[in-house]
Amino acid sequence: MTRKQKRLAVIGGGMSFIIAAVLLVMFAFSQSVAYFYMPADLAKTPVPPETRIRLGGLVGEGSVIRGVGSTVEFAVTDGGGQPVKVKYTGILPDLFREGQGVVTEGKFEAASHEFIADTVLAKHDEKYMPKDVADRLKSQGLWKEGEGVQ
């Protein structure tokens, strides 16, 4: 092999390695995509059963029903449209409560059309601030209890 042929072989091998890596990454991302929906979106565009999605909204007032063991049923609503009934088995986050923001991830069951969540994330309110930041603002006189940042 001449020097030119060796250089072309190395460049060709490198390019094929890069193409293979890009294809593997694209395949991995296509397998883990979960689209985000709110209850009003689901009313407009139904999702096929067994399709993995993220469902977000507020936990409906008076909708939390604790079942046997660690099974919990609740409704997710966004103020408009029909609330979506969610069933979750596991330990709920500490911030989970009625009227609080929540993001669930899972699938609609084909037989019962019930959303079976395998992940529940509770969202804190917009007034949350880490303690060290709040302490710094208090020391600067920019924070007063119950008012937040001025």
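# Exercises on a predicted protein chain

The protein chain has 3 helices and 9 strands. Helices (H or I, at least four residues) and strands (E, at least two) are DSSP runs, numbered from the N terminus. This is a predicted model, in which local features need pLDDT of at least 70 and side-chain atom pairs count only at pLDDT 80 or more, while totals for chains, interfaces and linings use all residues. Residues are numbered from 1 along each chain as its sequence is written, and side-chain values use heavy atoms, with hydrogens and water left out.

## Exercise 1: the chain as a whole

Task: State the order of the elements and the share of buried residues.

Solution.
- Step 1. Read from the N terminus: the order is α-β-α-β-β-β-β-β-β-α-β-β.
- Step 2. Apply the cut-offs: buried means under 20% relative accessible area, exposed over 50%, and partly exposed in between (1.4 Å probe, protein chains only).
- Step 3. By this rule, 26% of the 150 residues are buried.

## Exercise 2: the core

Task: Find which residues have the most contacts inside the largest nonpolar core, and which strands supply at least two residues each.

Solution.
- Step 1. A nonpolar core is a set of buried Ala, Val, Leu, Ile, Met, Phe, Trp, Tyr and Cys residues joined through side-chain atoms within 4.5 Å.
- Step 2. The largest such core has 18 residues, and F74, F115 and V120 have the most contacts inside it.
- Step 3. At least two core residues come from each of β2 (53–59), β4 (71–77), β5 (84–89), β6 (101–108) and β7 (115–122).
- Step 4. Contact means heavy atoms within 4.5 Å. Not counting residues up to four places away in sequence, F115 touches residues including I53, L55, V84, V86 and F108.

## Exercise 3: aromatic pairs

Task: Describe the aromatic pairs found in a search of the whole structure.

Solution.
- Step 1. Rings of Phe, Tyr and Trp (its six-membered ring) pair if their centres lie within 6.5 Å; planes under 30 degrees apart count as stacked, over 60 as edge-to-face and the rest as tilted.
- Step 2. The search finds 2 pairs. In one of them, F74 and F96 are 4.9 Å apart centre to centre with 65° between the planes, which is edge-to-face.
- Step 3. Because F74 lies in strand β4 and F96 in the loop between β5 and β6, this pair ties together parts that are 22 residues apart in sequence. Both F74 and F96 are buried.
- Step 4. F108 and F115 also form an edge-to-face pair, at 5.2 Å centre to centre and 70° between the planes. Both F108 and F115 are buried.

## Exercise 4: V103 and K123

Task: Is V103 buried or exposed, and which residues does K123 contact outside its neighbours within four places in sequence?

Solution.
- Step 1. V103 is in strand β6. Its relative accessibility is 16%, so V103 counts as buried.
- Step 2. K123 lies in the loop between β7 and α3 (131–139). Its relative accessibility is 45%, so K123 counts as partly exposed.
- Step 3. Leaving aside neighbours within four places in sequence, K123 is in contact with Q100, G101, V102 and V103.
- Step 4. The C-alpha atoms of K123 and V103 are separated by 7.5 Å, and the two residues are 20 apart along the chain.

## Exercise 5: the backbone at E50

Task: What is the sign of phi at E50, and where is E50 found?

Solution.
- Step 1. Most residues other than glycine have a negative phi.
- Step 2. E50 is not a glycine, yet has a positive phi of about 65°.
- Step 3. E50 is found in the loop between α2 (39–44) and β2. With a relative accessible area of 49%, E50 is partly exposed.
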